[in-house]
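Reader: I am new to reading protein structures, and I would like to understand how each descriptive word is justified. Could we go through this one together, with the reasoning behind each term?

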Amino acid sequence: MTLVAGVDTSTQSTKVLVCDADTGAVVREGRAGHPDGTEVAPEHWWTALQEATAGGLLDGVAAVGVGGQQHGMVLLDEAGEVVRDALLWNDTRSAGAAGDLIAELPGGAAGWADAVGLVPVASFTVTKLRWVARHEPEVAARAASVVLPHDWITHKLNTSPELTTDRGDASGTGYWSPATGEYRPDLVRLAFGRDLRLPRVAGPAEVVGETAGGALLAAGTGDNMAAALGLGLRPGDLVVSLGTSGTVFGVSAAPVADPSGTVAGFADASGRHLPLVATLNAARVLTAAAALLGVPLSTLDELALAAEPGAGGLTLLPYLDGERTPNLPNARGLLNGLTRANAGPANLARAAYEGMLCGLADGLDAVRALGVPVERVLLIGGAAASAAVRAIAPGLLGVPVSVPEPGEYVALGAARQAAWALRGSSEAPSWPVSAVDVTADPAEKTRKVYSDVRDRAQALLQ
């Protein structure tokens with residue numbers, strides 16, 4: 001059996017899967033946690049990787065791929081040393097910088113969408129570069145290169161000194177164009193005030209080096225691109241991921257550009273494109289609601305299922321930590337429509353689930369409006385296991401929903417990329433993924449209620 005490994009260096013932890021290169025079957029796995037926060041010393045990721053792979057986890061592995069949290073800014077000096085803690089995707093301090101950059105580029109938001117397929121928000125690397133340049137000039141003066149979290153881990157693993165990335169992760173920086181396949185150094189200069197060295201963008205199946213143990217290194221990619229690869233995403237499939245953040249993404253043959261900024265026109269890890277909508281508030285909305293009610297998540301599920309669709313008119317706008325889509329980094333949550341008749345734990349629980357899913361339903365509509373086909377939704381992430389989520393999602397999303405078997409799809413996709421690089425073939429190896437259809441179309445009355453729920457949520461944004 002030929003073994004490959006996939007690494008997921010996410011916001012919260014490092015997960016590693018060792019898989020059969022032919023079938024994708026998981027042979028062994030490891031995990032280690034990361035510190036909490038929106039800025040983290042990258043060395044913590046390296047320590048977590050050592051912990052997750054301790055005890056010979058990578059013994060016999062022929063190739064390794066790394067999937068990583070997108071957008072995080074890792075600045076390196078001339079010697080390749082980190083000059084400050086990495087600013088992560090969920091750090092919103094650069095919201096003002098995003099607005100400034102939009103105003104400074106000719107054409108504004110549309111100019112950015114045409115240039116790099118996205119409109120700056122606080123999440124993207126380009127805005128973090130501007131924040132550091134303006135607020136930490138002494139740090140900026142030391143910086144020679146900028147890389148992403150997966151780039152940094154790949155570089156640490158690599159015996160070659162070359163810095164590399166891939167088109168998927170590069171497409172989330174705000175200074176690489178999915179349409180042309182080229183960097184926009186002028187946008188780096190606009191943000192940072194001068195040039196920085198940028199990692200070479202490797203091809204989807206390229207070998208970029210090898211580890212000290214002799215394993216080949218794949219290019220790696222961003223977490224959403226790795227998940228798409230792990231799921232074997234095909235045209236017509238749209239992923240709704242309910243983790244710390246919420247994401248909606250699907251496969252497109254052509255690049256997309258949305259001047260509203262709702263949809264980010266990312267590239268994927270296979271040579272195609274991955275239009276994506278991201279929200280800051282997903283599964284943690286449910287944990288917050290459970291804490292508010294003083295119940296475990298299992299009880300929150302039961303309460304939500306006990307309430308009628310629409311939560312008796314109670315609407316939760318769940319921007320508990322600000323929001324990325326819509327771009328409201330300083331927003332806070334809002335509970336609206338509270339009356340004596342609907343003031344109860346079940347309706348509050350139901351409103352939490354419906355509020356979380358409304359934003360993702362808006363994201364689905366935005367992706368579809370750009371011409372991306374939507375035939376079914378694949379529901380993944382920790383909250384996909386919730387019975388209430390499975391019951392509510394089909395009606396609110398308005399399309400058939402399937403739930404793949406639980407798995408670490410980012411790490412699995414990184415492992416699949418490693419197997420692809422190992423084979424050097426024109427197509428990624430075919431690894432089967434089983435999924436369960438969780439619903440039939442809801443009754444017309446229920447669809448009308450969910451339409452009203454979405455209208456109520458939209459009205460609160462006016």
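Reader: Which residue follows helix 12, and what is the sign of its phi?

Author: Helix 12 is followed by glycine 371, and the phi of this glycine is positive, near 90°. Please keep in mind throughout that this is a predicted model, and that the values we discuss are computed from it.

Reader: How do you know that the reach of helix 12 is close to what is expected at 1.5 Å a residue?

Author: Helix 12 covers residues 345-369, which is 25 residues, and from its first C-alpha to its last it reaches 36 Å. The expected span is 1.5 Å times one less than the number of residues, and for helix 12 this expectation is 36 Å, so the reach is close to it.

Reader: What makes helix 12 largely enclosed by the rest of the structure?

Author: A residue is called buried when its relative accessible area is under 20%. In helix 12, 18 of the 25 residues are buried, and therefore the helix is described as largely enclosed by the rest of the structure.

Reader: Why are aspartate 365 and arginine 368 said to meet in a salt bridge?

Author: The term asks for a side-chain nitrogen of Lys or Arg within 4 Å of a carboxyl oxygen of Asp or Glu. For aspartate 365 and arginine 368 the N to O distance is 3.1 Å, so the pair qualifies. Both residues lie in helix 12, three residues apart, about one turn of the helix.

Reader: Why are aspartate 365 and arginine 368 called partly exposed?

Author: Partly exposed is the class between buried, under 20%, and exposed, over 50%. Aspartate 365 has 29% relative accessibility, so it counts as partly exposed, and arginine 368, at 33%, is also placed in that class.

Reader: Which residues are joined into one network by salt bridges that share partners?

Author: The network joins Glu39, Arg84, Asp91, Arg93 and Glu136. One of the salt bridges in the structure pairs arginine 93 with aspartate 91, with their closest N and O atoms 2.8 Å apart. Aspartate 91 has 4% relative accessibility, so it counts as buried, whereas arginine 93, with 30%, is partly exposed.

Reader: Is asparagine 224 buried or exposed, and how do you know?

Author: Its relative accessible area is 12%, and since the limit for buried is under 20%, asparagine 224 is called buried. Asparagine 224 is in helix 9 (residues 223-231). Leaving out residues up to four places away in sequence, asparagine 224 touches Gln70, Thr247, Phe249, Leu274 and Leu276.

Reader: What makes the meeting of asparagine 224 with glutamine 70 a polar contact?

Author: The side chains of these two residues come to 2.7 Å, and the cut-off for such a pair of N or O atoms is within 3.5 Å.

Reader: Is glutamate 29 buried or exposed, and why?

Author: Glutamate 29 has 54% relative accessibility, and because exposed means over 50%, it counts as exposed. Glutamate 29 belongs to strand 3 (residues 26-33), and beyond four places in sequence it touches Val16, Leu17 and Leu57.

Reader: Which residues have the most contacts inside the largest nonpolar core?

Author: Among the 57 residues of that core, those with the most contacts inside it are Val4, Leu75, Leu129, Val132, Leu233, Phe249 and Phe266. Helix 14 (residues 409-423) gives the largest share of this core, seven residues. A second, separate core has 48 residues, including Val277, Val367, Val401 and Ala457.

Notes:
Residues are numbered from 1 along each chain as its sequence is written. This is a predicted model: local features need pLDDT of at least 70, side-chain atom pairs count only at pLDDT 80 or more; totals for chains, interfaces and linings use all residues. Side-chain values use heavy atoms; hydrogens and water are left out. Helices (H or I, at least four residues) and strands (E, at least two) are DSSP runs, numbered from the N terminus. Buried means under 20% relative accessible area, exposed over 50%, partly exposed in between (1.4 Å probe, protein chains only). A nonpolar core is a set of buried Ala, Val, Leu, Ile, Met, Phe, Trp, Tyr and Cys residues joined through side-chain atoms within 4.5 Å. A polar contact is a pair of N or O atoms within 3.5 Å; within protein, one must be able to donate a hydrogen and the other to accept it, and residues adjacent in sequence count only if both atoms are side-chain atoms. Contact means heavy atoms within 4.5 Å.
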